[in-house]
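This report describes the fold of a single protein and a selection of its side-chain interactions. The sequence and the structure are shown first.

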Amino acid sequence: MTDQQPPASPGAAPRKRRGLESMGDMVRSMLVVVAIVLVIFVVQIRNDPPSAVRRVPVAASLQQARVQAPYDVAGPVGLPRTWRATSVRFAKAGPVVTWHIGYVTPREDYAALEQSNGPEHKVVIQTVAGSHEVGRIDIGGATWHKMAGGSPEPRALVLYGSAATTIVAGRASWAELRTLATALRPVLTLD
């Protein structure tokens with residue numbers, strides 16, 4: 001017995017048996033699937049918001065630090081709005097009060113203010129462990145120590161004070177770190 005198909009009606013295209021599709025049919029099917037995936041991908045990308053840096057408010061942490069710290073809490077005064085605060089924290093561990101503000105600089109680098117009345121060497125190690133002094137600069141009548149080669153921050157300006165150690169550190173250029181250090185003042189509120 002042979003496998004016979006019923007005779008085709010006149011004018012009708014012959015039917016293909018399942019599983020005997022041509023290579024061209026498979027390529028066309030794949031192109032349709034790829035086109036649908038690309039459309040979904042493009043729509044998704046267009047609907048995703050750009051990865052913008054989010055500014056964070058600093059006033060509440062600044063107020064906590066001012067009330068709790070046994071030193072004059074410093075903050076940048078008059079820093080341009082192109083410096084965006086992205087992290088802020090205040091911590092108290094016994095008598096040690098630590099104050100931090102992290103920024104994205106105008107050149108899209110990171111710079112931070114760290115201020116603490118903890119032991120000087122611990123404060124420096126937490127910010128620029130393994131660094132070495134590469135010079136000193138005068139900013140506003142105070143001598144800041146330039147530290148390089150550290151971790152987690154590769155460079156820092158360190159001001160040793162009798163009541164607190166102030167550090168301006170980050171991946172930002174020396175010029176941007178100096179800009180931040182120059183803006184520091186004992187403050188009641190920040191811009």
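## Basis of the description

Helices and strands are DSSP runs, with at least four residues for a helix and at least two for a strand, and they are numbered from the N terminus. In these terms, Arg 54 is placed in the loop between α1 and α2 (59–68). The model under discussion is a predicted one.

## Overall architecture

The protein contains four helices and 10 strands. Read from the N terminus, the order of its elements is α-α-β-β-β-β-α-β-β-β-β-β-α-β.

Of the 191 residues in the protein, 34% are buried. The accessible surface amounts to about 12500 Å², and carbon and sulfur atoms account for 58% of this area. When contacts between residues at least 6 apart in sequence are considered, 51% of them join residues at least 24 apart.

## The N-terminal helix and the following loop

Helix α1 spans residues 23–47 and includes Val 27. With a relative accessible area of 42%, Val 27 is partly exposed. Together with Met 23, Met 26 and Leu 31, Val 27 forms a nonpolar patch on the surface, and the accessible area of these residues together is about 420 Å².

In the loop between α1 and α2, Arg 54 is exposed, its relative accessible area being 71%. Leaving aside residues up to four places away in sequence, Arg 54 touches Ala 85 and Thr 86. The C-alpha atoms of Arg 54 and Ser 87 are separated by 9.2 Å, although the two residues lie 33 positions apart along the chain.

## The aromatic pair

A search of the whole structure yields one aromatic pair. The ring centres of Trp 83 and Tyr 103 are 6.0 Å apart and the ring planes stand at 80°, so the arrangement is edge-to-face; the angle criterion for this class is over 60 degrees. Trp 83 belongs to the loop between β1 (74–76) and β2 (84–93), whereas Tyr 103 belongs to strand β3 (residues 96–104); the pair therefore ties together parts that are 20 residues apart in sequence. Both Trp 83 and Tyr 103 are buried.

## Charged groups over Trp 174

Which charged side chains sit over the ring of Trp 174? One is Lys 146, whose charged end lies 4.5 Å from the ring centre. Another is Arg 155, whose charged end is 6.0 Å from the centre of that ring.

## Salt bridges

The structure holds two salt bridges. In one of them, Glu 108 is paired with Arg 84, and the closest N and O atoms are 2.6 Å apart. Glu 108 lies in the loop between β3 and β4 (110–116) and Arg 84 in strand β2, so this salt bridge ties together parts that are 24 residues apart in sequence. The two partners are unlike in their exposure: Glu 108 counts as exposed at 52% relative accessibility, while Arg 84 is buried, with a relative accessible area of 17%. The assignment of Arg 84 follows from the cut-off, because buried means under 20% relative accessible area.

Glu 133 and Arg 136 form a salt bridge as well, with 2.8 Å between the closest N and O atoms. Here Glu 133 is partly exposed, with a relative accessible area of 37%, and Arg 136 counts as exposed at 54% relative accessibility.

Definitions and conventions: Residues are numbered from 1 along each chain as its sequence is written. This is a predicted model: local features need pLDDT of at least 70, side-chain atom pairs count only at pLDDT 80 or more; totals for chains, interfaces and linings use all residues. Side-chain values use heavy atoms; hydrogens and water are left out. Rings of Phe, Tyr and Trp (its six-membered ring) pair if their centres lie within 6.5 Å; planes under 30 degrees apart count as stacked, over 60 as edge-to-face and the rest as tilted. Buried means under 20% relative accessible area, exposed over 50%, partly exposed in between (1.4 Å probe, protein chains only). A charge sits over a ring if NZ of Lys or CZ of Arg is within 6 Å of the ring centre and within 35 degrees of the ring normal. Patches are made of residues with over 30% relative accessible area and no salt bridge: like charges are joined within 9 Å, nonpolar side chains (Val, Leu, Ile, Met, Phe, Trp, Tyr) within 5 Å. Accessible areas come from the Shrake-Rupley method with a 1.4 Å probe; for residues, only the protein chains shown count as cover. A salt bridge is a side-chain nitrogen of Lys or Arg within 4 Å of a carboxyl oxygen of Asp or Glu. Contact means heavy atoms within 4.5 Å.
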